[in-house]
Amino acid sequence: MRVGSPLIVRQKSNSLSSSTMESPYQFPSANLSTGEEEGTHPLCTDWKETPEGSVFYLAHIFLVFGFMGGSGFYGLLYLFFFLALGFFCSSIWAWSDACTTDTFSWNFVLFVICLVQIVHVAYRLRSVTFEKELQDLYGYMFKRLGVSLTQYGKIVACTDGEIHTIEKDHYFAMEGKTAIDKLSVLLSGRIRVTVNGDFLHNIYPFQFIDSPEWDSLRPSEDGVFQVTLRADNPCRYVAWRRKKLYLLFAKHRYIAKVFALIVRNDIAEKLFSLNDKAFDNRGFRYDLRLPSFCHVPGPDLDQAGLFLSVPEHQGEHSQTTPVQTTT
């Protein structure tokens, strides 16, 4: 029988088919077709003909507005308010489509988080609200220096939240008798400052009442007023006790620097107000910035000359030029 006879080929093919059927390893055939399988998402072959609803675009507009918020408590309220609106609109948009359950869940969770933040910030804002006079004091004296409401709340806490009153013609301090044990700011009214019965200047709202006395003493020193302070009309003021205020300074160095700045600025304003009233018996004004005024005793002011000698340097030589201190 020839090797290539049809009988031998038929026997070989039968043996191969039987061996294939009896093989213990069965491998599934790979489906290489491009048809859609059951349970898979269809491919996006073209753009959606109709745009999303207006709620979808409104949500993104609210989100853009939200991220324009500023800093501080009011900025946080603005931020979370618009974010809550944006995520709420996104939740409504996702709810309209049954296939976007996960999108709805995420947007609704973020909406709830923003609501919680709004409540938290509003509670913190309510905890640092003050009376109108203290709020005006913050706006006039501390806000322009960058003091936050939280830091201002610590400053107000040192006053125990008390606002003191002085009736008309009553004394805040008496010369040589009242101890220097606090720092006070006038909130309303007017206080007259005198020494030995002579008028010096007035103290107006949002000015320190006793800043020179405060700055003249160290924390461990004691002293008494060298001037008399009397209320020209009913006055209201807020005061910080020395010990409490120095403890606050030790804990918060920034607050200590702010007080050092505003106290010394207040003293400078008082000194320049005194400069407008320093006249001799001939009607000429003395300038407090000139050293001759600082070293002339009080009783000798009226006997001082009309001209003060101020050195004027020119090159290597110096000469004395008379300067008349008139207005």
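The legends below describe close-up views of a predicted model. Residues are numbered from 1 along each chain as its sequence is written, and side-chain values use heavy atoms, with hydrogens and water left out. Local features need pLDDT of at least 70 and side-chain atom pairs count only at pLDDT 80 or more, whereas totals for chains, interfaces and linings use all residues.

**Figure 1. Tyrosine 78 and phenylalanine 82 form an aromatic pair in helix H3.**
A search of the whole structure finds 20 aromatic pairs. The ring centres of tyrosine 78 and phenylalanine 82 are 4.8 Å apart and the planes meet at 55°, so this pair is tilted. Rings of Phe, Tyr and Trp (its six-membered ring) are paired if their centres lie within 6.5 Å; planes under 30 degrees apart count as stacked, over 60 as edge-to-face and the rest as tilted. Both residues belong to helix H3 (residues 72-95), where they stand four residues apart, about one turn of the helix. Helices (H or I, at least four residues) and strands (E, at least two) are DSSP runs, numbered from the N terminus. Tyrosine 78 is partly exposed at 31% relative accessibility, and phenylalanine 82 is buried at 16%. Buried means under 20% relative accessible area, exposed over 50%, and partly exposed in between (1.4 Å probe, protein chains only).

**Figure 2. Phenylalanine 142 and tyrosine 152 pair between two helices.**
What is the arrangement of the rings of phenylalanine 142 and tyrosine 152? Their centres are 5.4 Å apart and their planes lie at 50°, so the pair is tilted. Phenylalanine 142 is in helix H5 (residues 132-142) and tyrosine 152 in helix H6 (residues 149-157), so the contact ties together parts that are ten residues apart in sequence. Phenylalanine 142 and tyrosine 152 are both buried. Ring pairs link them with Tyr138, Trp214, Trp240, Tyr246, Phe249 and Phe259 into a cluster.

**Figure 3. Arginine side chains lie over the faces of aromatic rings.**
Arginine 242 lies over the face of tryptophan 214, at 5.1 Å from the ring centre. Arginine 144 lies over the face of tyrosine 140, at 5.6 Å from the ring centre. A charge sits over a ring if NZ of Lys or CZ of Arg is within 6 Å of the ring centre and within 35 degrees of the ring normal.

**Figure 4. A nonpolar patch on the surface draws on helix H2.**
Leu58, Ile61, Val64, Phe65, Met68 and Tyr78 form this patch, with about 530 Å² of accessible area together. Accessible areas come from the Shrake-Rupley method with a 1.4 Å probe; for residues, only the protein chains shown count as cover. Patches are made of residues with over 30% relative accessible area and no salt bridge: like charges are joined within 9 Å, and nonpolar side chains (Val, Leu, Ile, Met, Phe, Trp, Tyr) within 5 Å. Helix H2 (residues 54-66) gives the most to the patch, with four residues. Isoleucine 61 lies in helix H2 and is partly exposed at 43% relative accessibility.

**Figure 5. Glutamate 133 and arginine 236 form a salt bridge.**
The closest N and O atoms of this pair are 3.0 Å apart. A salt bridge is a side-chain nitrogen of Lys or Arg within 4 Å of a carboxyl oxygen of Asp or Glu, and the count comes to seven. Glutamate 133 is partly exposed at 22% relative accessibility, and arginine 236 is partly exposed at 28%.

**Figure 6. Salt bridges involve residues of helix H9.**
Arginine 264 and aspartate 215 meet in a salt bridge at 3.7 Å, N to O. This pair links distant parts of the chain: arginine 264 is in helix H9 (residues 253-275) and aspartate 215 in helix H7, 49 residues apart. Arginine 264 is exposed at 52% relative accessibility, whereas aspartate 215 is partly exposed at 39%. Aspartate 266 and lysine 270 form a salt bridge at 2.3 Å, N to O. They both lie in helix H9, four residues apart, about one turn of the helix. Aspartate 266 is buried at 5% relative accessible area, as is lysine 270 at 7%.

**Figure 7. Aspartate 169 has a positive phi in a loop.**
Phi of aspartate 169 is about 65°, although this residue is not a glycine. The loop runs between strand S1 (164-166) and strand S2 (171-173). Aspartate 169 is partly exposed at 42% relative accessibility.
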